[in-house]
Amino acid sequence: MSRRLVVEADGGSRGNPGPAGYGALVRDATTGKVLAERAESVGRATNNVAEYGGLVAGLQAVLDLDPGADVEVRMDSKLVVEQMSGRWKVKHPDMQKLALQARAIARQLGTVRYTWVPRAQNGAADALANSAMDGRPVHRDLVAEPATTEDDVQPVAEPVPTVTTLTHLLRHGRTEHTPERRYSGRNDLPLSAIGRAEAEAAAVRARELGIEVVVASPLRRTRETAEVVAAVLGLPVQLDDDLVELDFGELEGLTADEAREKHPLATRRFIADVTVAAPGGESVADVATRVGRARARLLREHAGKTVLVVSHVTPIKLLLAAGLDVADDVVHRVFLEAASFCTVAWSSDGRSSVRLVNDTAHLR
């Protein structure tokens, strides 16, 4: 019977395109033991190119370990999984080259199959990719490392206590776009009079939540909401560019009906597939990548604290998706009112729980 191995691969780009890197590791499918790790910068590239780089590196690591192995590749990129499974065409020239490399390596192995997994289940590969983007490449074959003898064994350290970070997610108050349900992305609209009153009501509610840190998107409507709340709490506002709303490009300012009339095909594809960008803008998957960075940074810098995150519909929905460990397309099945609260708890052992969604009791 062939040995069964698992490849976990990921890639990321800070800018898309921007400084990019990949991460990949190989596990024994039976024991879960990590056998090899790879992380490397790919220069300036897109997320998708970096993800393909991780796939190639992971498959090459398997080839180096055991050419006869049967392999399951697990990635949180639906695009790469569907393309490598043969269900979607590879159109981007750089991705075509990497896909050919991956297929050439796969032909030298046993069976190779591709599985999409939620981003929360791909954390090890994501951490390696971030290591690469931070200038810390990794090339480690753990099976080749020297065995530990009894004399080398150190006393077992005390178990690390589990730390829980509580995030209260507040959508900004209303703007002139809100009542008409217009696509509102990177514009700099201020809060309306009603939106200002909603922010003040949210501030009253926030006083009851034991908030220690306020983090916000730097766009005007979120910044204004955060400043109203932070003033009541006596806290500064920390701004995080990764929490800005999805860039709707040419759909900006349009209602859903107007978007379908003006850009029928592009709008339909954008709504149907989280990996497809709005015309001239971003995809939901693009936003998920940077929101993932913001979440990792928040949990690292404010571990164990209660944090208020003031952001927009798409980033908040993606934080809820991560908390539930479900696919990003859940964004199309959650509704969030202006100035509504959601709550997610994140444990340092990797568990998370969604405790509240779309609470508007303070607005009544």
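Which residue in β3 is the bridge partner of Leu 25? Keep that question in view while selecting the strands of this predicted model, because the tour begins with the sheet that holds the answer.

**First stop: the sheet with β1 to β6**

Select the six strands that form an open sheet with mixed pairing, and colour them in the order β5-β4-β1-β2-β3-β6. At the edges lie β5 (112-116) and β6 (138-141), each of which pairs on one side only, and from one strand to the next the twist averages 20°.

Now restrict the selection to residues 18-28 and 34-45, which are β2 and β3; these strands pair in the antiparallel sense over ten bridges. Here the opening question is settled, since Glu 37 in β3 is the bridge partner of Leu 25. Five residues lie between β2 and β3 in their hairpin, and in the turn Gly 32 has a positive phi of about 80°.

Add β1 (4-13) to the view. Its pairing with β2 is also antiparallel, over nine bridges, and Leu 5 has Asp 28 in β2 as its bridge partner. The hairpin of β1 and β2 has four residues between the strands, and within this hairpin Gly 15 takes a positive phi near 140°. With the surface switched on, β2 is largely enclosed by the rest of the structure, because nine of its eleven residues are buried.

**Second stop: helix α4 against the sheet**

Select residues 123-133, helix α4, and show the side chains of its buried residues, which are Ala 125, Leu 128, Ala 129, Asn 130, Ser 131, Ala 132 and Met 133. The buried residues of this helix pack against β1, β2, β3 and β6. Following the chain onward, α4 is succeeded by Gly 135, whose phi is positive, near 85°.

**Third stop: the largest nonpolar core**

The largest nonpolar core has 35 residues, and a useful selection consists of those with the most contacts inside it: Tyr 52, Leu 55, Leu 59, Val 62, Val 73, Met 84 and Tyr 114. At least two residues of this core come from each of β1, β2, β3, α1 (47-65), β4 (70-75), α2 (78-84) and α3 (93-106), and the largest share, nine residues, is that of α1.

Centre the view on Tyr 114 and ask which residues it is in contact with, leaving aside its neighbours within four places in sequence. They are Leu 55, Leu 59, Val 73, Val 81, Met 84, Ser 85 and Ala 106. A second, separate core has 31 residues, including Leu 169, Leu 243, Leu 298 and Ile 316.

**Fourth stop: the sheet with β7 to β12**

Another open sheet of six strands has mixed pairing and the order β9-β8-β10-β7-β11-β12. Its edge strands are β9 (237-239) and β12 (352-359), each pairing on one side only, while neighbouring strands are turned by 20° against each other on average, direction ignored.

Within this sheet, select residues 164-171 and 341-347, the strands β7 and β11, which pair in the antiparallel sense over seven bridges; the bridge partner of Leu 166 is Ala 345 in β11. Helix α9 packs on the sheet and touches β7, β10 (306-311) and β11, and the direction of α9 makes about 135° with that of β7.

**Fifth stop: Ala 288 in α9**

Is Ala 288, in helix α9 (residues 284-301), buried or exposed? Ala 288 is buried, because its relative accessible area is 4%, which is under the 20% cut-off. Leaving aside neighbours within four places in sequence, Ala 288 is in contact with Arg 119, Leu 318 and Asp 328. A distance monitor drawn to the C-alpha atom of Leu 243, 45 residues apart from Ala 288 along the chain, should read 9.9 Å.

**Last stop: the pair α5 and α6**

Finally, select α5 (residues 193-206) and α6 (residues 220-233), which pack at an angle of about 35° with their axes 8 Å apart; their crossing is right-handed. Show Arg 196, Ala 199, Glu 200, Ala 202, Ala 203 and Ala 206 in α5, which meet Glu 224, Thr 225, Val 228, Val 229, Val 232 and Leu 233 in α6. Coloured by character, the residues of this contact divide into eight nonpolar, one polar and three charged.

How values were computed
Residues are numbered from 1 along each chain as its sequence is written. This is a predicted model: local features need pLDDT of at least 70, side-chain atom pairs count only at pLDDT 80 or more; totals for chains, interfaces and linings use all residues. Side-chain values use heavy atoms; hydrogens and water are left out. Two strands pair if DSSP finds at least two bridges between them. Axes are lines fitted to C-alpha atoms, for helices over the stretch in contact, and angles run from 0 to 180 degrees between N-to-C directions. Buried means under 20% relative accessible area, exposed over 50%, partly exposed in between (1.4 Å probe, protein chains only). Contact means heavy atoms within 4.5 Å. A crossing is left-handed if the near helix is turned anticlockwise from the far one by less than a right angle, and right-handed if clockwise. Ala, Val, Leu, Ile, Met, Phe, Trp, Tyr, Cys and Pro count as nonpolar, Asp, Glu, Lys and Arg as charged, and the others, Gly among them, as polar. A nonpolar core is a set of buried Ala, Val, Leu, Ile, Met, Phe, Trp, Tyr and Cys residues joined through side-chain atoms within 4.5 Å.
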